[in-house]
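Me: I'd like to go through this one with you and ask how each label is earned. Could you take it step by step?

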Amino acid sequence: MRIYLDHNAGAPLRPEVRASIARFCEADEASNPAAVHRSGQRARRALGQAREQVAHFIGAAAREVVFSSGGTESNNLAIRGVAGAHPARHRIVTSAIEHSSILAPLEYLAGYGFEVVRLAPDRDGRITPAAVAAALDDDTALVTIGHANAEVGTIQDVAAMAEPIARAGALFHIDAAQAAGRIPIRVGDLRCDLLTISGHKLGAPAGIGALYVRAGVALAPAMLGGPQEAAMRAGTPNLLGAIAFGVAAEAAAAHLPGESARITMLAARLLERLGASIPDLRLNGPKIVPMTDTTTDSTIDRIGNTLNLTFPGVLGESMLIALDLEGVEVSMGSACAAGAVEPSHVLLAMGLTRDEARSSLRLSLGWSTTADEIERAAEIIARVWRRVRAAEPLNPVVSASTAALAEASR
């Protein structure tokens with residue numbers, strides 16, 4: 001039996017979602033929600049119900065939810081949509097530890113004259129509200145910040161950033177793809193204009209996501225050719241994906257309090273077991289705070305499911321492959337960076353050396369993780385680390401850029 005510890009890349013389908021997909025397929029009534037006939041009307045009602053479920057999940061109105069193909073598209077729609085609809089402003093503020101679906105469109109806009117300000121995190125991956133406020137000026141169009149970091153789990157105090165952003169006349173986009181389903185998300189409390197969530201992080205299939213667009217916020221459309229999704233995303237919607245997303249959002253909300261405490265406890269147990277077996281093992285990011293009756297949102301500064309660990313004396317790639325052969329599935333960071341030779345940009349921005357970053361793995365738990373899996377994973381990971389360290393001690397890592405500089409100086 002395989003042990004799946006990569007929920008930040010994508011969660012297994014929830015039972016409620018599997019049941020909804022089966023009902024959809026058995027009914028055999030799929031149609032285009034834009035059609036006028038009865039099948040189209042049924043499809044339109046099903047799409048509307050899914051939109052209501054997703055909106056309720058984040059405390060929004062249904063008309064403020066725009067369905068997309070996932071977190072990446074939602075982030076692109078938010079960023080490029082603001083840039084296209086507000087051409088008089090040319091500054092965008094973000095951080096150096098954002099997901100590639102934030103950083104890549106910003107790099108694209110930089111090529112067209114936008115000034116992109118990338119704020120540096122502290123050693124635990126925090127971006128302070130004061131740093132955001134200091135980066136604002138009258139030319140700022142957008143601030144885009146991730147609510148919870150995908151690689152180390154650090155939760156940003158985004159609510160405290162909202163007021164100075166609004167005073168500057170800028171729009172505020174929050175990437176909540178990793179936070180949703182792990183901590184409560186209410187757009188009213190966060191006071192954001194735009195917010196990204198992704199279905200497959202919650203236990204829906206990949207290929208469905210949403211962007212919350214506060215009523216009155218103007219965005220340039222992502223695709224042209226029809227009035228779908230408030231004219232922001234033309235094309236026939238992914239009806240099955242939306243239905244599954246709605247069910248996953250409803251299930252995640254229903255299970256959130258107990259599930260969050262259980263997963264945090266399991267992650268703390270895994271860290272404890274590994275720390276006792278692996279000398280000098282290091283947790284990257286804030287410490288885990290066990291959930292108790294006195295725990296409040298203000299005392300939590302990381303999502304409890306995520307462990308980013310630096311394993312001394314080994315390469316993360318070697319550990320990942322060896323663990324996969326032993327039936328334990330983990331990652332080296334964001335799934336969108338899989339296969340990348342360079343070490344994590346998040347860990348480097350947090351101050352880790354290239355060798356430390358190359359020796360780090362991300363273990364992320366979720367709704368399907370059991371206590372028995374954690375006990376078995378702790379034993380396997382410690383055993384694999386000892387074997388890999390003995391067989392393949394870590395050599396200094398020389399990046400391609402460093403090698404090129406050395407060669408040029410000769």
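What follows is a set of questions about the labels, each with a reply.

Reply: Sure. This is a predicted model, where local features need pLDDT of at least 70, side-chain atom pairs count only at pLDDT 80 or more, and totals for chains, interfaces and linings use all residues. Residues are numbered from 1 along each chain as its sequence is written, and side-chain values use heavy atoms, with hydrogens and water left out.

Me: What is the mean pLDDT of the protein?

Reply: The mean is 91, and 91% of the residues reach 70 or more, with pLDDT being the predictor's confidence in each residue, from 0 to 100. Over residues 396–410, though, the pLDDT is below 50. Where pLDDT is low, the predicted coordinates should not be read in detail.

Me: Why is Ser 360 called buried?

Reply: Buried means under 20% relative accessible area, exposed over 50%, and partly exposed in between (1.4 Å probe, protein chains only). Ser 360 has 1%, so buried is the word. Leaving aside neighbours within four places in sequence, Ser 360 is in contact (heavy atoms within 4.5 Å) with residues including Asn 284, Thr 310 and Leu 352.

Me: What makes Glu 229 buried, and Ala 230 exposed?

Reply: Glu 229 is at 9% relative accessibility, so it counts as buried. Ala 230 is at 56%, so it counts as exposed. Glu 229 is found in the loop between strand S8 (209–213) and H8, and Ala 230 is found in the loop between S8 and H8 too. Glu 229 has a positive phi of about 50° although it is not a glycine; for Ala 230, phi is near 55°, again positive in a residue other than glycine.

Me: How do you know that S10 and S12 pair?

Reply: Two strands pair if DSSP finds at least two bridges between them. Strand S10 (residues 306–310) is joined to S12 by 5 bridges, so they pair, and they run antiparallel. Within S12 (residues 360–364), where Ser 360 lies, Ser 360 stands opposite Thr 310.

Me: Why are S9 and S12 said to stand at the edges?

Reply: The open sheet has 3 strands in the order S9-S10-S12, with antiparallel pairing. Strand S9 (282–284) and S12 each have a single partner strand, so one side of each is left without a neighbour in the sheet. From one strand to the next, the twist averages 35°.

Me: Which helix lies across S9, S10 and S12?

Reply: That's H8 (residues 239–277), running at about 15° to S10.

Technical notes. Helix = DSSP H or I, 4+ residues; strand = E, 2+ residues; numbered from the N terminus. Axes fitted to C-alpha atoms, helices over the stretch in contact; angles between N-to-C directions.
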